[in-house]
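Student: Could you take me through one part of this model up close? I'd like to know which strands pair up there and what the turns between them look like.

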Amino acid sequence: MKWRVVELETHDAFLNMALDQAVSESILAGDSPPTIRVYKWKPSAVSIGYFQSMNDEVNIQKCEELGVDYVRRRTGGGAVYHDSEGEITYSVIAPESNFPRDIIESYEIICSWIVDGLSRINIHASFAPINDIVVSGKKISGNAQTRRGGTLLQHGTILYDLDVKTMFTVLKLSSEKISDKMIRSVEERVTRVLNYANVSQEKLCEALLQGFTSGKEYEIGEWSDEEMNRARELAETVYRTREWNFRR
Amino acid sequence: MKGFAKQKVPGGKLLAVKLDYSDVIEKIEILGDFFLHPEDLLQKIEKSLVGIHVDESEQAIAEKLKRVVETNSIELIGITPEAIAQTIKMAVKK
């Protein structure tokens with residue numbers, strides 16, 4: 001199986017989520033190879049899990065004030081603040097038959113590629129079921145998977161820097177006022193690449209892609225016109241719509 | 001009446017239930033940061049709970065949920081039928 005790798009790109013939240021779906025559909029139709037992509041979000045955005053309520057999780061007014069987008073993912077899991085400079089996101093999209101039926105096992109396999117990537121910049125991480133990667137017990141990466149129509153999509157974030165204040169402003173983590181105590185509590189549970197390795201984002205991406213592709217046949221590729229057109233269509237007709245984002 | 005309850009499932013994920021109810025559950029939403037495959041079948045689970053008497057035991061609700069989960073080959077990750085049933089009872093009590 002030959003993988004396609006799409007190197008670091010930056011899109012808005014809606015196109016990022018739409019690309020994952022468009023590529024899944026295209027793989028299902030037999031038109032695209034299994035794909036690994038790494039990307040950033042601009043503007044910064046909040047994504048919520050498929051089963052979460054937008055209004056319960058996200059401070060919409062603050063997002064509007066700060067120009068932060070908000071989008072519902074097609075994967076479960078929790079709300080994530082995607083700072084445009086503070087993290088790298090990846091997606092692995094492939095026929096489901098290439099992975100174990102057991103979902104946690106398949107999380108472990110894909111997360112091991114990220115653990116491998118981080119080891120290349122001397123960060124010693126490990127998989128923490130259900131869907132996290134941790135360094136010294138602190139979360140550095142969250143991941144979410146869906147399987148639809150025979151394709152597997154797993155996407156996740158690797159924290160590079162962490163803007164805890166903005167994160168607290170846009171996520172309704174608590175009704176309490178943002179306090180130093182809360183920020184300390186997050187810093188006790190969550191960490192970031194810069195705490196362990198003084199590397200650029202480019203270097204991090206390079207290391208991650210080495211981890212993702214190790215032992216695989218692959219080529220660097222790009223989106224087909226059909227994939228990009230479908231993604232643009234999905235961004236407008238699904239991911240940008242109130243109907244999708246506020247359905248719960 | 002409206003009911004709401006939320007809990008962190010031990011060893012699992014956050015699970016919340018929003019209810020409209022009288023003697024029976026009239027409307028229910030199950031929310032949280034859990035995983036459920038295939039995702040669209042959460043609606044089937046929710047529908048199966050509409051009409052259930054709110055005095056039904058937690059165990060009976062869990063059994064019903066288990067049947068729906070098994071019949072439809074639904075995979076729950078981070079939540080269980082028992083946890084959903086427990087959260088429903090919490091939401092009704094409040």
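Tutor: Here's a walk along one run of strands, with the ground rules up front.

This is a predicted model, so to speak: local features need pLDDT of at least 70 and side-chain atom pairs count only at pLDDT 80 or more, while totals for chains, interfaces and linings use all residues. Residues are numbered from 1 along each chain as its sequence is written, and chains are lettered from A and ligands numbered from 1 in the order in which they are written.

Let's start at strand S8 of chain A, residues 132–135. Strands here are DSSP runs of E with at least two residues, numbered from the N terminus, and two of them pair if DSSP finds at least two bridges between them. S8(A) runs antiparallel to strand S9 of chain A (residues 138–148), and 4 bridges join them. If you want a spot to look at, find A:Val134, which sits opposite A:Lys139 in S9(A). The hairpin that these two strands make has 2 residues between the strands, and A:Ser136 takes a positive phi there, near 50°.

Now follow S9(A) onward. Its pairing with strand S10 of chain A (residues 151–159) is antiparallel too, with 8 bridges. Here A:Gln145 faces A:Gln154 in S10(A). S9(A) and S10(A) also form a hairpin with 2 residues between them, and A:Gly149 in that turn has a positive phi of about 55°.

One thing to keep in mind as you rotate the view: in a regular strand, side chains alternate between the two faces of the sheet.
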